[in-house]
Amino acid sequence: MTAMGIDPRGLTEDDLLRELRHLHQTRTDTFLHGSDDALARHTSRTNELESEYLRRHPERHVDPGRLREGARER
């Protein structure tokens, strides 16, 4: 366990993705209405989970439209 939640390395792929989706869905509400502590914890947990995802998927697909050149073409 981390300070708040299961160690991301112990999550299955499905659980990791579910947790990431949930955090991304709740980000705006936490940012606008959460306490400073809640926002800090939300940020640190998001970083933990995103780091684990990137560790597992170092060669993940990157959409060319999300790169600087792709943005310029739009």
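Is Glu-52 buried or exposed, and what is its relative accessible area? In this predicted model, Glu-52 is buried, at 5% relative accessible area.

**View 1. Glu-52 pairs up with Arg-55.** The two side chains meet in a salt bridge, 2.6 Å from N to O. Both residues sit in helix α2, 3 residues apart, which is about one turn of the helix. Arg-55 is exposed because its relative accessibility of 52% is over the 50% mark, whereas Glu-52 is buried. Zoom out a little and the pair belongs to a network of salt bridges that links Glu-13, Glu-52, Arg-55 and Arg-56.

**View 2. Glu-48 and Arg-45 form another salt bridge in helix α2.** Here the N to O distance is 2.9 Å. These partners are also 3 residues apart, about one turn along the helix, which covers residues 36-56. Arg-45 is buried at 10% relative accessible area, while Glu-48 is partly exposed at 24%.

**View 3. Glu-19 meets Arg-18.** Their side chains make a salt bridge at 3.2 Å, N to O. Glu-19 is partly exposed, at 24%, and so is Arg-18, at 45%. For the full picture, a search of the whole structure turns up 8 salt bridges.

**View 4. Five leucines make the largest nonpolar core.** The members are Leu-11, Leu-16, Leu-20, Leu-23 and Leu-49. Helix α1, residues 13-33, chips in the most, with 3 residues. Beyond its neighbours within four places in sequence, Leu-11 touches Ile-6, Leu-16, Glu-19, Arg-45, Leu-49 and Arg-56. Two of those contacts turn up in the views above: Glu-19 is bridged to Arg-18, and Arg-45 to Glu-48.

Definitions and conventions
Residues are numbered from 1 along each chain as its sequence is written. This is a predicted model: local features need pLDDT of at least 70, side-chain atom pairs count only at pLDDT 80 or more; totals for chains, interfaces and linings use all residues. Side-chain values use heavy atoms; hydrogens and water are left out. A nonpolar core is a set of buried Ala, Val, Leu, Ile, Met, Phe, Trp, Tyr and Cys residues joined through side-chain atoms within 4.5 Å. Buried means under 20% relative accessible area, exposed over 50%, partly exposed in between (1.4 Å probe, protein chains only). Helices (H or I, at least four residues) and strands (E, at least two) are DSSP runs, numbered from the N terminus. Contact means heavy atoms within 4.5 Å. A salt bridge is a side-chain nitrogen of Lys or Arg within 4 Å of a carboxyl oxygen of Asp or Glu.
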